[in-house]
Structure formats: structure tokens, C-alpha cells
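Colleague: I am new to reading protein models, and I would like a close look at a single part. Could you pick one helix and walk me through what it touches?

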Amino acid sequence: MAPAPTRGAARVVRCGAVGLSTGLLAVLAHAGSGGHLPSLPHVLGFALAIAWTCAPLTDRQLGFADLFGLVGVVQVAAHVFLTLLSREPGEMLPAPSALLAHLAATAIVVAALAGFEQAVFRLAAVLASVLPRRIGPPPAFAPLRIPIAAHPQHPLSEVLRRRTLPRRGPPHS
């Protein structure tokens, strides 16, 4: 049975793709519009934070609106994060060129991720149709009846005698 893209390694890859593409394009848009380029550990930390944050969203296929909202929020967060890293808090409101760069980055990332989501889910569907499935037990239509052997009823005195005075020696024939 093919693993669903909403579980396991496929889900981790999807989160990583969202985190890396969104984070890296936000950094490139920020640097391309005249902003300060942060160090690589800051960029990777930001991308990992995005991937970790989007993990709860990847329990299903992300649609265009989901991706647009996620990437839009990340672009705003990236702008604030990168502005604070560059120690220029006076420039919290983006310049028109920065705003256009972030909008272009958002459009590029959303288009790429929407195509990636469709490709991953189509590939999973094709694999599920080709790979053998695990055969499970048939569904139950009636209550399960389990035969239980009848135990002979022993009087209480017999039970107590067997527990307190166990037999010793060879069995009698």
C-alpha cells in the first residue's frame, strides 16, 4: 500500500518544500529590493521554523487559497524578521519596491507549491493504484461467536483442597 502524502516521509518532504521555498524566496525578495542579506544560519533557522509551523496544515492537500494565505503570512513575517535582523526597525513599513518584490515572491512560491502539491498527490494516487494492497479481514456482519468449553463445577471444598493440599507423587491409574 503506497504511503499517503499526508503521513510519514512524504509529509516531511512537503513541509520542507514549503519551508525552504517560502523562506528562501522571502530572503531573496528582501535582498533584491535593497534589504540586508542575513547570514545562512538565520535563513536556515527561518526556513525550518516555517516548515515546522506548516506541519499541522499538511494533514490534507493544500489548495491554492491555503497556500496563498500561508505564503502571504510568511512573507509578512519574513519582512519583519529580516528588518529586525538588519537592525533597521525604522523601515518596518516596506518601500514600494520591497512590497512588489514580496508580492512577486508570493506569486512565484504559490504557483510552484500548488503544482508541487498536485504532482505529489497524483503520484501517490498512481502508486496506490499500481502497488499491491494489504488484504484485511472481511467486515463483520454479525456478532462474533466464540465457543467456550464448559468447565465442570467444583464445590468450594474441592477447590480449597486442591489449592492447599496439592497432590504429590506419581499419578494414580
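**A close look at helix α1**

Modeller: Happy to! Of the 173 residues in this chain, 26% count as buried. Please keep in mind that the model is predicted. The chain has five helices and zero strands, and from the N terminus on its elements run α-α-α-α-α. Let us take helix α1, which covers residues 8-32, and follow its contacts.

We can begin with charge. A search of the whole structure finds one salt bridge, and helix α1 takes part in it through R14. The partner of R14 is E117, and the closest N and O atoms of the two are 2.8 Å apart. Where does E117 lie? E117 belongs to helix α4, residues 96-130, while R14 sits in helix α1, so this pair ties together parts that are 103 residues apart in sequence.

Are these two charged residues buried or exposed? R14 has a relative accessible area of 0%, so it is buried. E117 has a relative accessible area of 2%, and because buried means under 20%, E117 is buried as well.

Now turn to the nonpolar side of the story. L20, L24, L40 and L44 make a nonpolar surface patch of about 360 Å². The elements that give two or more residues to this patch are α1 and α2, the latter spanning residues 40-54. One of the patch residues, L24, is found in helix α1. L24 is partly exposed, with a relative accessible area of 38%. On helix α1, then, you can point to R14, which is buried, and to L24, which is partly exposed.

Next comes the way helix α1 packs. Two packed helices are described by the angle between their axes and the distance between the axes. For α1 and helix α3, residues 64-85, the angle is about 50 degrees and the axes are 9 Å apart. The two helices are therefore oblique to each other, and their crossing is right-handed.

From helix α3 we can take one more step, to helix α4, where E117 lies. The axes of α3 and α4 come within 9 Å and cross at roughly 140 degrees. That makes α3 oblique to α4, because only angles over 145 degrees count as roughly antiparallel. The crossing of α3 and α4 is right-handed.

To trace this on the model, start at R14 and E117, the salt bridge pair. Then look for L24 in helix α1, and finish with the packing of α1 and α3.

Key. Residues numbered from 1 in each chain as written. Predicted model: local features only at pLDDT ≥ 70, side-chain atom pairs only at ≥ 80, totals over all residues. Heavy atoms only, no water. Patch = residues over 30% accessible without salt bridge, like charges linked within 9 Å, V, L, I, M, F, W, Y side chains within 5 Å. Areas by Shrake-Rupley, 256 points an atom, 1.4 Å probe, with all protein chains shown as cover. Salt bridge = Lys/Arg side-chain N within 4 Å of Asp/Glu carboxyl O. Helix = DSSP H or I, 4+ residues; strand = E, 2+ residues; numbered from the N terminus. Buried < 20%, exposed > 50% of the residue type's maximum accessible area, 1.4 Å probe, protein only. Axes fitted to C-alpha atoms, helices over the stretch in contact; angles between N-to-C directions. Parallel < 35°, antiparallel > 145°, perpendicular 65-115°, else oblique. Left-handed = near helix turned anticlockwise from the far one by under 90°.
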